[in-house]
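Dear colleague,

I am passing on a structure that you have not worked with before, together with an account of what was found in it. Please keep the sequence and the model open while you read.

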Amino acid sequence: MPQKKKDFLKRTVEHVEITKHNVVPLVEAMAQMSYSARDLHRAAEIADRMVRDKECGIILCLAGSLVNAGLKKIFVDLIRHNMVDAVVSTGANIVDQDFFEGLGFRHYIADERLKLGVDDGTLRELNIDRIYDTLIDEDELRACDDTIQKIADKLEHRPYSSREFIREMGAYLDQKHPKIDGIVLEAYRKDVPIFCPAFSDCSAGFGLVAHQHARGDEPKVSLDSAKDFYELTQLKIKNPVTGLFMLGGGVPKNFAQDIVVAADVLGHDVAMHKYAVQVTVADVRDGALSGSTLKEAHSWGKVDQTYEQMVYGEATVVLPLIAGYVYHKEGWKKRAGKKWSRLLEPAGAAARG
Ligand SMILES: NC(=O)c1ccc[n+]([C@@H]2O[C@H](COP(=O)([O-])OP(=O)(O)OC[C@H]3O[C@@H](n4cnc5c(N)ncnc54)[C@H](O)[C@@H]3O)[C@@H](O)[C@H]2O)c1
């Protein structure tokens, strides 16, 4: 009998909750071990120190496919408990995965054999997309694209930073789906700006292409990534002590590191990022950005040397340990969120717009 979509989309990915697992003793024990375990412990200590430094603005950087993989609630908790002041991400994490779930859709666990790729033809026929061992209903993804178009259609037709556009997405979720936890919604409520410098390279791109096509020669919404860079640089100038918590590499890593140089270009002698932690599976051999060390970033004048740590590991394993350690050490209880969105626009502007 031919298989149907529901035969594949049965078990949902569930998001792990750091609040439910006190990993502090485990991470502390790793300090007495070797290799990646000791690096992970040091990274967790630096992340905790960054949270306790009240002057420090914390920038969370996301690449890869993290949100669909069960890590969403960790990012929500970091934002909710004032441990993140800005997010720099790929569009995939923010739109295809987080906003998508914010609309009520889910990601699904693929059976082991699907990882072999032998059923990808069947998946295509059924409009199911695969991310390694995770499945997505492409019809639902199309609904996500359409929602982006709807949001664009309703806005004043002009260029936007991705930060401005994503706040509108947060305002949309706050009105239509206020009970579904997510990064876009939580960041909107906590005045944490989200930047996606390559915003069109995801579901948002399809919605914006459709919007621009429908508008023809009329004025239209467009994305201005230089405005993103200018806005993020303004935050560095206004709050010179900063730290980076980076999952994966890619555009978010470089974009967030580069604001030190951009501030210098604008005539401000700001310090390098004081704290930096990166979790990545890439290594240094190819000379590419994703695996380049934070020591190397120091040679470019971007990251200070004292509190930096690379962890070579996969984020679904490493992040619950680092974030869980910082959460249960409770340094965040003495930290107020910096509400950086308010430095860039009056509070509530998106909802009123
Ligand atoms: N990932 C997707 O499923 C997807 C979907 C739609 C669009 N896109 C777009 O593709 C573009 C490139 O995305 P990217 O920069 O994330 O590229 P990428 O997925 O290649 O990730 C960049 C690097 O981050 C590291 N990394 C990724 N996942 C990791 C993990 N789980 N643990 C540790 N390290 C990890 C790896 O070193 C990798 O080389 C973006 O514009 C994005 O919006 C991606």
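One cut-off is needed at the outset: a residue counts as exposed if 12 or fewer other C-beta atoms lie within 10 Å of its own, and as buried if 20 or more do. Please also bear in mind that this is a predicted model.

With that cut-off, Tyr132 is a convenient place to begin, because its 11 C-beta neighbours inside 10 Å make it exposed. Tyr132 is found in the loop between β4 (128–131) and β5 (134–137), two strands that run antiparallel and are joined by 4 bridges, with Ile128 standing opposite Asp137 in β5. The two strands form a hairpin with 2 residues between them, and in this hairpin Tyr132 takes a positive phi near 50°. As background, most residues other than glycine have a negative phi.

Tyr35 is a further residue with a positive phi, of about 55°, although it is not a glycine. Tyr35 lies in helix α3, which covers residues 35–52, and it counts as exposed because it has 9 C-beta neighbours inside 10 Å.

Two lysines early in the chain can be treated in the same way. Lys6 has its place in helix α1 (residues 5–8), and it is exposed because 9 other C-beta atoms lie within 10 Å. Although Lys6 and Leu126 are 120 residues apart along the chain, their C-alpha atoms are separated by 9.7 Å. Lys10, which lies in the loop between α1 and α2 (24–30), has 10 C-beta neighbours inside 10 Å and therefore counts as exposed. From Lys10 to Asp224 there are 214 residues in sequence and 40 Å in space, taken from C-alpha to C-alpha.

The sheet comes next. In what order do the strands of the open sheet lie? There are 6 of them, in the order β7-β2-β1-β9-β10-β11, and the pairing is parallel. The edge strands are β7 and β11 (303–312), each of which pairs on one side only. In general, strands of a sheet pair through backbone hydrogen bonds, either parallel or antiparallel.

Within this sheet, strand β2 can be followed on both sides. Strand β1 (residues 57–62) is joined to β2 by 4 bridges, and the two run parallel; Leu62 has Ser89 of β2 as its bridge partner. Between β1 and β2 the chain passes through helix α4 (residues 72–80), and this β-α-β crossover is right-handed. Strand β7 (residues 194–195) also pairs with β2 in the parallel sense, here over 2 bridges, and Val87 stands opposite Ile194 in β7. Are the faces of β2 (residues 86–89) buried or exposed? Both are covered, since Ala86 and Val88 on one side are buried, as are Val87 and Ser89 on the other.

Two helices deserve attention alongside the sheet. Helix α12 lies across β1, β2, β9 (242–247), β10 and β11, and it runs at about 150° to β1. Helix α5 is largely enclosed by the rest of the structure, because 12 of its 12 residues are buried; among them are Gly91, Ala92, Ile94, Phe99 and Phe100, and also the charged residues Asp96, Asp98 and Glu101. Just after α5, Gly104 takes a positive phi of about 105°.

Finally, there is the ligand. Which residues come nearest to it? Of the 22 residues around the ligand, these are Gly64, Ala92, Gly248, Gly250 and Ala282. The elements that give two or more residues to this shell are α5 (91–102), α12 (250–265) and β10 (273–280), and the largest share, 3 residues, comes from α5. By type, the shell divides into 10 nonpolar, 9 polar and 3 charged residues. Helix α5 thus appears in two parts of this account, as a helix with 12 of 12 residues buried and as the contributor of the largest share of the shell around the ligand.

With kind regards

Terms used. Residues numbered from 1 in each chain as written. Predicted model: local features only at pLDDT ≥ 70, side-chain atom pairs only at ≥ 80, totals over all residues. Near = placed C-beta within 6 Å. Pairing = 2+ DSSP bridges. Right-handed = clockwise from strand over helix to strand, strands pointing away. Contact = placed C-beta atoms within 7 Å. Axes fitted to C-alpha atoms, helices over the stretch in contact; angles between N-to-C directions.
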